[in-house]
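User: Please take a close look at a single part of this model. I would like the strand pairing first, then the charged contacts around it.

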Amino acid sequence: MRFLLFLICLLVVKFNSYAQDVQYSQFYANPLYLNSAFAGATERTRIGANFRTQWPALDQNFVAYSAYVDHFSERYNSGVGILINGAKESFTQSQNFEIGLVYSYRLRLGEKSFLNAGLQGSFVSRDALFDNVILGTQLNIDRGTIIDEPGSLEGDANQSDLDLASGLLFYNEKVWFGVSAFHLLAPQISYLTVDGNQLPIKYTAHGGVRFDLVSGNINDFFNNTDQERSIAFAFNYKSQGQFSQLDFGAELFLEPLVLGLWYRGLPTKYSLPNNESIIGLIGVSLDSGVEIGYSYDFTISKFGQRNTGGAHEISVRYVFSSKDPRKKYYSPLPSFRY
């Protein structure tokens with residue numbers, strides 16, 4: 001039963017793969033993947049990694065990972081970064097790999113308002129092992145038989161290409177809003193055809209607002225230290241090909257603890273489930289500059305939580321401290337931490 005469910009999920013994922021990249025629940029903890037304009041946004045040197053496993057209750061699974069490093073140069077008012085993305089699906093052993101170089105420039109619009117413009121160039125590769133794959137054209141519905149053997153797929157199982165992405169990000173101390181576009185070079189995604197099956201451009205829009213709460217106060221035996229208390233509300237909209245998706249949620253920061261809640265779903269043009277998941281998040285932001293986050297996707301679609309097991313995601317990053325003690329680890333950028 002679970003294997004049959006997996007095949008159904010696989011068809012949905014493959015169907016969606018023509019219109020959707022890998023999606024991370026902690027997309028602000030994976031900033032360069034969200035928008036190239038986030039490169040250097042902390043005004044420090046930052047390094048991080050993300051890991052996601054989806055539907056662990058099934059016989060097969062989907063795993064994605066990402067790693068990045070970025071740096072801000074005050075002299076050139078610019079951010080630079082390197083991004084590595086990967087994903088693997090265990091049924092066909094298909095794997096995606098991407099390495100990209102990111103650049104952003106920060107334009108000051110006012111005393112505390114900025115506009116970042118970012119650009120990313122990437123090398124991407126895809127490969128698959130079709131030993132267990134049975135195509136729909138191989139099925140004889142009338143006789144209930146399979147034509148040929150599994151894995152008799154003719155096509156190139158290895159692909160590589162170049163890709164391009166860009167983005168804009170406006171922010172001040174309270175609000176932020178960004179737009180980005182990915183796959184501007186429309187790389188090939190089909191293993192069967194040479195032309196005409198290209199990855200559609202993905203457009204995203206994301207933003208939010210942060211409100212400061214009454215600061216906390218702890219005694220560290222020598223003096224009282226104020227701790228940040230804030231709550232933020234945000235959204236993330238994605239459109240790719242004939243599919244679209246909207247995430248919205250809230251994040252509460254009670255330094256050093258971060259608590260978040262997201263809804264993922266609407267809208268869709270097809271009869272696929274448009275209520276996908278409720279996402280809970282817990283994270284910790286340490287004085288050392290280390291931040292660790294864990295999130296869990298609770299499936300609310302028709303696939304069911306019991307059948308799929310939801311999704312687990314972990315993020316880890318480190319922001320190098322400034323030599324200037326008057327500066328915090330983060331710039332005035334108010335966006336979510338995860």
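Analyst: Start with one bridge: Gly 260 has Leu 281 of strand 16 as its bridge partner. This is a predicted model, in which local features need pLDDT of at least 70, side-chain atom pairs count only at pLDDT 80 or more, and totals for chains, interfaces and linings use all residues. Residues are numbered from 1 along each chain as its sequence is written, and side-chain values use heavy atoms, with hydrogens and water left out.

Strands here are DSSP E runs of at least two residues, numbered from the N terminus. Two strands pair if DSSP finds at least two bridges between them. Strand 15 (residues 257–264) and strand 16 run antiparallel, joined by eight bridges. On to the next neighbour. Strand 16 and strand 17 (residues 290–299) are also antiparallel, with nine bridges between them. Gly 283 finds its bridge partner in strand 17 at Gly 293. Four residues separate the two strands in this hairpin, and Gly 289 takes a positive phi near 100°.

Now the faces of strand 16. In a regular strand the side chains alternate between the two faces of the sheet. Strand 16 covers residues 277–285. Its covered face holds Ser 277, Ile 279, Leu 281, Gly 283 and Ser 285. Ile 278, Gly 280, Ile 282 and Val 284 make up the uncovered one.

Next, the charges. A salt bridge is a side-chain nitrogen of Lys or Arg within 4 Å of a carboxyl oxygen of Asp or Glu. The whole structure has 13 of them. One joins Asp 297 to Arg 52, at 2.8 Å from N to O. Asp 297 sits in strand 17 and Arg 52 in strand 1 (residues 46–54), so this pair ties together parts 245 residues apart in sequence. Buried means under 20% relative accessible area, exposed over 50%, and partly exposed in between (1.4 Å probe, protein chains only). Asp 297 is buried at 4% relative accessibility. Arg 52 is buried too, with a relative accessible area of 3%.

Arg 52 also meets Glu 313 in a salt bridge, 2.9 Å from N to O. Glu 313 belongs to strand 18 (residues 311–319) and Arg 52 to strand 1, so the link spans 261 residues. Glu 313 counts as buried, at 0% relative accessibility.Elsewhere, Arg 337 forms a salt bridge with Glu 228, the closest N and O atoms being 4.0 Å apart. Arg 337 lies in the segment after strand 18, and Glu 228 in the loop between strand 12 (224–227) and strand 13 (229–240), so the pair ties together parts 109 residues apart in sequence. Arg 337 is buried at 14%, whereas Glu 228 is partly exposed at 26%. Finally, salt bridges that share partners join Arg 52, Asp 247, Arg 264, Asp 297 and Glu 313 into one network.
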